[in-house]
Amino acid sequence: MEQWEKLPVFQKAREIMDLVGSIIDSVEKTDIEFEDPIEAEMMQHNLKYMGMNASIIPAKIAGASSEDMLYDIRMENAAIIRKAAMELITDARGLQMHGYPDTEYLDILRNEIDEFRVLFAEWVKTFDCWNYTIDRWGLFNPPGVNYDDVDPDDDIPFNFDDFDGFDDL
């Protein structure tokens with residue numbers, strides 16, 4: 001078993017993915033009367049996005065779980081995870097608006113995502129903000145680091161002659 005598979009946030013993400021799969025199956029087996037064919041198409045889009053969002057979450061957790069990974073990359077993955085989780089709530093609302101009658105399943109999903117949110121926030125707090133490169137886009141820098149800061153590694157002198165094998169360059 002991989003280290004990230006043991007993380008509570010990953011385990012909860014897998015539970016959410018399984019729950020969403022069950023909800024999708026339930027919706028597809030439910031006979032819903034649509035007033036307009038476009039509503040049926042919108043429902044299918046909701047289901048497609050729910051499945052995609054539910055699968056993005058554990059995949060991005062696995063991708064961001066290495067403690068050696070740079071802070072900005074981990075935070076970028078975290079932002080994608082947060083977006084996917086929030087979109088699951090929106091997707092559930094869409095199912096409800098289009099007539100899915102078993103709203104108790106959607107309430108269970110909302111509760112699971114709320115539990116996930118707490119685990120997620122605790123997991124993000126474990127990210128090492130000192131293991132970073134400056135994000136020149138300015139989105140995922142650690143506190144106190146700005147996109148236009150001078151990179152401290154830029155002033156380290158480098159001499160090709162100090163290294164063997166570079167003579168042929």
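Helices and strands are taken here as DSSP runs, with at least four residues for a helix and at least two for a strand, numbered from the N terminus. On that basis, this predicted model has a chain whose elements run α-α-α-α from the N terminus on. The radius of gyration of the chain is 22 Å, well over the 15 Å that the globule rule gives for 169 residues, so the chain is more spread out than a compact globule. The points below treat the whole chain, then the helices, and then three acidic residues.

**Overall architecture**

- The chain contains four helices and zero strands.
- Taken along the principal axes, the box filled by the C-alpha atoms is roughly 75 × 35 × 35 Å.
- Of the 169 residues in the chain, 33% count as buried.
- When contacts between residues at least 6 apart in sequence are considered, 70% of them join residues at least 24 apart.

**Surface and charge**

- About 11,100 Å² of the chain is exposed, and carbon and sulfur atoms supply 53% of that area.
- The side chains include 14 positive and 38 negative ones, and the centres of these two sets are 7 Å apart.

**Helix α1**

- Helix α1 covers residues 8–29, and its 22 residues should span 32 Å at 1.5 Å a residue; the end C-alpha atoms are 32 Å apart, which agrees.
- Its buried residues include Val9, Phe10, Ala13, Ile16, Leu19, Val20, Ile23, Ile24 and Val27, and also Lys12 and Ser26.
- An α-helix has 3.6 residues a turn, so residues three or four places apart point the same way.
- The partners against which the buried residues of α1 pack are α2 (37–63), α3 and α4 (103–124).

**Helix α2**

- For the 27 residues of α2, a rise of 1.5 Å a residue predicts a span of 39 Å, and the end C-alpha atoms are indeed 39 Å apart.
- The buried set of α2 consists of Met43, Asn46, Leu47, Met50, Asn53, Ala54, Ile57, Pro58 and Ile61.
- These buried residues pack against α1, α3 and α4.

**Helix α3 and the residue that follows**

- Helix α3, formed by residues 71–97, has 27 residues and reaches 39 Å from its first C-alpha to its last, close to the expected 39 Å.
- Gly99 follows α3 and has a positive phi, near 100°.

**Acidic residues in and after helix α4**

- Glu112 is found in helix α4. Its relative accessible area is 17%, and because buried means under 20%, Glu112 is classed as buried.
- Apart from residues up to four places away in sequence, Glu112 touches Lys12, Glu15, Ile16 and Leu19. Among these partners, Lys12, Ile16 and Leu19 are buried residues of α1.
- Asp114 also lies in helix α4, but it is partly exposed, with a relative accessible area of 41%.
- Asp114 and Cys129 are 15 residues apart in sequence, and their C-alpha atoms are 25 Å apart in space.
- Asp135 belongs to the segment after α4 and is buried, with a relative accessible area of 8%.
- Once neighbours within four places in sequence are left aside, Asp135 is in contact with Asp72, Phe140, Asn141 and Tyr147.
- Asp135 and Asp148 are 13 residues apart in sequence and 8.9 Å apart in space, C-alpha to C-alpha.

Note on methods: Residues are numbered from 1 along each chain as its sequence is written. This is a predicted model: local features need pLDDT of at least 70, side-chain atom pairs count only at pLDDT 80 or more; totals for chains, interfaces and linings use all residues. Side-chain values use heavy atoms; hydrogens and water are left out. The radius of gyration is taken over C-alpha atoms; the globule rule is 2.2 Å times the number of residues to the power 0.38. Buried means under 20% relative accessible area, exposed over 50%, partly exposed in between (1.4 Å probe, protein chains only). Contact means heavy atoms within 4.5 Å. Accessible areas come from the Shrake-Rupley method with a 1.4 Å probe; for residues, only the protein chains shown count as cover. Lys and Arg count as positive and Asp and Glu as negative; His and the chain ends are not counted. The place of a charge is taken as NZ of Lys, CZ of Arg, CG of Asp or CD of Glu. The expected span of a helix is 1.5 Å times one less than its number of residues.
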